[in-house]
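Hi,

Here is the structure I said I would pass along. Have a look at it first, and then read my notes underneath.

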Amino acid sequence: MFTLFSPSGCTFWGERTWSLRRRWTIRIILWTVAPMIILLVSLLAFPVITVAIPVATGYQLLQRNYKTKLRKVLSILTGVTLTSMVSPFVGLFGSLLLVPLGFIYVYGVIPIHLIWTSDWRHKLAARFNRNRNRNNRSPMTPV
């Protein structure tokens with residue numbers, strides 16, 4: 001199941017390497033579904049960040065040792081209130097930043113990586129070197 005997160009056919013999880021056809025099929029499916037996944041993640045990021053920051057702050061403040069009960073209650077109340085006012089802006093910034101960075105990564109970084117690590121590049125280089133060696137022979141060498 002986890003090999004779907006590695007469309008390169010990595011054998012880290014103990015399975016044999018994927019065929020070239022299977023790798024390209026998964027890549028094409030991921031490239032076509034990527035806009036929907038990026039938008040879904042960005043839409044889910046806003047409410048998750050908006051709720052998670054105040055909850056995490058309240059939990060962190062709750063774990064501290066305070067001298068008085070009043071100081072503990074006031075500290076938790078002000079901390080959660082301030083982070084509740086700031087977290088929507090952080091969530092909005094995070095979700096707005098996620099969309100362009102997601103598209104840049106999926107349609108910019110990954111294709112460049114696939115081009116530089118693909119099999120056909122090495123085969124093309126080997127063919128080029130073989131042809132160059134054939135053309136550089138002196139006229140006195142036998143064919």
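Below is what I found, going from the whole chain down to single residues.

First, a caveat: this is a predicted model. The protein has 143 residues, and it is built from 3 helices and 0 strands, so to speak an α-α-α pattern when you read along the sequence. Just 17% of the residues count as buried. The accessible surface adds up to about 11,500 Å², and carbon and sulfur atoms account for 71% of that. As for how the chain meets itself, take the contacts between residues at least 6 apart in sequence: 55% of them join residues at least 24 apart.

Now to helix α1, which runs over residues 20–63. With 44 residues, a straight helix would reach 64 Å at 1.5 Å a residue, but the end C-alpha atoms of α1 are only 53 Å apart. Where does α1 bend? Look at Val-33: the bend there is about 50 degrees, and a proline, Pro-35, follows within four residues. The buried residues of α1 are a mixed group: Arg-23, Ile-26, Arg-27, Ala-34, Ile-38, Ser-42, Ala-45, Pro-54, Gly-58 and Leu-61.

Ala-52 also sits in α1, and you won't find it among the buried ones, because its relative accessible area is 39%, which makes Ala-52 partly exposed. Its C-alpha atom is 9.9 Å from that of Thr-83, although the two residues are 31 apart along the chain.

On to helix α2, residues 69–117. Two serines there are worth a look, Ser-84 and Ser-95. Which of them is buried, and which is partly exposed? Ser-84 has a relative accessible area of 34%, so it counts as partly exposed. Ser-95 comes out at 9%, and since buried means under 20%, Ser-95 is buried.

Both serines have a partner from elsewhere in the sequence. For Ser-84 I looked at Val-51: the two are 33 residues apart along the chain, with 7.9 Å between their C-alpha atoms. For Ser-95 I looked at Leu-44, which is 51 residues away in sequence and 8.4 Å away in space, C-alpha to C-alpha. If you leave aside the neighbours within four places in sequence, Ser-95 is in contact with Ser-42 and Phe-46. Ser-42, you may recall, is on the list of buried residues of α1.

One last item, on the surface this time. Phe-93, Leu-97, Leu-101, Ile-104, Tyr-105 and Val-109 make a nonpolar patch of about 620 Å². Leu-101, one of the residues in that patch, has its place in α2.

That's everything from my side. Shout if you want to go through any of it together.

Cheers

How values were computed:
Residues are numbered from 1 along each chain as its sequence is written. This is a predicted model: local features need pLDDT of at least 70, side-chain atom pairs count only at pLDDT 80 or more; totals for chains, interfaces and linings use all residues. Side-chain values use heavy atoms; hydrogens and water are left out. The expected span of a helix is 1.5 Å times one less than its number of residues. The bend at a residue is the angle between axes fitted to the seven residues ending there and the seven starting there. Buried means under 20% relative accessible area, exposed over 50%, partly exposed in between (1.4 Å probe, protein chains only). Patches are made of residues with over 30% relative accessible area and no salt bridge: like charges are joined within 9 Å, nonpolar side chains (Val, Leu, Ile, Met, Phe, Trp, Tyr) within 5 Å. Accessible areas come from the Shrake-Rupley method with a 1.4 Å probe; for residues, only the protein chains shown count as cover. A salt bridge is a side-chain nitrogen of Lys or Arg within 4 Å of a carboxyl oxygen of Asp or Glu. Contact means heavy atoms within 4.5 Å.
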